[in-house]
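Notebook open, coffee poured. Today I look up salt bridges, then cavities, then a sheet.

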Amino acid sequence: MLWLWSDLDPKSAGRALLLTCLLVTLDAWHVAIPIITTSVLHEDAVWAGARINVPTGADARVIAPPGFENLASVTGHLNVAGYDPLPIDAYQKLRAYGDTNDPTTPVSTLLGVKYVLTTKPYDKPNFKLIGIADGGIYYRREDAFLRAWLAQTIIVEPNDDAVRAKIAAGKNDLRTIVYLSKPLDCPIANGATNPTAEITDYHADTVAVKTSGGGVLVLSDQYYNGWRATIDGQPADIQRADTVFRAVCVPAGDHVVRFEYRPLSLYVGVIVSIVGWLSVLALLLLGFMRDRRARSV
């Protein structure tokens, strides 16, 4: 290939470019295939039992013994410990306010922990035994918080440490109060006694919530740059609630709120890829035209 590039024959340039593109593509896949190929998975007994005994879905947030956190992504459960990418600092700090393995702390309650995966009997009130398997015992919290709710009282507190301390104290009704870092002009339910929010569609990068009533819709999922929100198809601002959650002001009535993860980096990457492939095509076309011109001479 280097010989073709150094050859003065115009035909060699086109062949060299084609071989270069082929080599780069094959080399990239040579590296990528071992990375994306799934190897034999060792499934921890606790998580293997969870696959059978613990339901999955939008409210399947669990607490499990430390270790093998990533298996939640295999079983389909929502592990309150997250998975093993770099953890977001705000979330780590909030979980640190209390025992991270205790499902009854105010922080775990606010996070919507509904299921407990353990290796020992758990006898606290409001926890119902739902299954036993080799290596695991499974409980469901009967009074678990919903994963989405409409808060009716806004408290503006820009100091995140102060908010974490108030949440961890557990003195306020965390389902009706929402802590925001900046003021938000949002009407409450306007007389509705029981505003409701129901997750109707849940995926890693899209979430749909059906609401009835008005107030601040809080979804106990991570607030992060790149998330977008719409209300009945119209763009809506996302606020950071309780230092880590996503929140949107929803007017009175029945609405559908949709969250979508659409980071700017995605669009930049698509544009760069398109420009790169267009450049390759342009160079191939240029080489082809030079070859035809050389033949005509």
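I started with Asp161, which is partly exposed at a relative accessible area of 45% (buried means under 20%, exposed over 50%, partly exposed in between, with a 1.4 Å probe and protein chains only). Before going on, a note to self: this is a predicted model, where local features need pLDDT of at least 70, side-chain atom pairs count only at pLDDT 80 or more, and totals for chains, interfaces and linings use all residues. Residues are numbered from 1 along each chain as its sequence is written, and side-chain values use heavy atoms, with hydrogens and water left out.

**Salt bridges**

What does Asp161 meet in a salt bridge? The partner is Arg164, at 2.7 Å from N to O. My cut-off for a salt bridge is a side-chain nitrogen of Lys or Arg within 4 Å of a carboxyl oxygen of Asp or Glu. The two residues sit 3 apart in helix α7, so about one helical turn separates them. (Helices are DSSP runs of H or I with at least four residues, strands are runs of E with at least two, and both are numbered from the N terminus.) Arg164 counts as buried, at 4% relative accessibility.

I also noted a network: Arg61, Arg147, Asp221 and Arg246 are joined by salt bridges that share partners. The count for the structure is 15 salt bridges.

Next I checked Asp89, which bridges to Lys93 with the closest N and O atoms 3.2 Å apart. Both are in helix α5 (residues 89-95), and being 4 residues apart they are separated by about one helical turn. Asp89 is partly exposed at 48%, and Lys93 is partly exposed at 39%.

Then I pulled up Asp102 and Lys124, whose closest N and O atoms are 3.5 Å apart in a salt bridge. This pair links distant parts of the chain, 22 residues apart: Asp102 is in the loop between α5 and α6 (106-110), and Lys124 is in the loop between β3 (115-118) and β4. Is Asp102 buried or exposed? It counts as buried, at 16% relative accessibility. Lys124 is partly exposed at 35%.

**Cavities**

I looked for enclosed space and got 2 cavities of 30 Å³ or more. For the record, a cavity is a set of points on a 1 Å grid over the protein atoms alone where a 1.4 Å probe fits but cannot get out, and lining residues have an atom within 4 Å of a point. Points are joined across faces, edges and corners, and the volume is the space filled by probe spheres set on them.

The largest cavity holds about 50 Å³. Its lining includes Arg95, Tyr97, Asp99 and Leu111, and the lining residues split into 3 nonpolar, 4 polar and 2 charged. (Ala, Val, Leu, Ile, Met, Phe, Trp, Tyr, Cys and Pro are nonpolar, Asp, Glu, Lys and Arg are charged, and the others, Gly among them, are polar.)

The second largest cavity holds about 40 Å³. Among its lining residues are Glu157, Asp160, Arg240 and Asp242. Two or more lining residues come from each of α7 (160-169) and β8 (177-180). By class I get 3 nonpolar, 2 polar and 4 charged.

**Sheet**

Last lookup: an open sheet of 5 strands, ordered β2-β1-β3-β5-β4, with mixed pairing. Two strands pair if DSSP finds at least two bridges between them. The edges are β2 (78-79) and β4 (127-133), each pairing on one side only. β4 runs antiparallel to β5 (residues 136-141) over 6 bridges, and Lys128 has Arg140 in β5 as its bridge partner.

Terms used. 1 Å grid on protein atoms, 1.4 Å probe; cavity = no way out; pocket = protein on both sides within 12 Å on 5 of 7 lines; lining within 4 Å.
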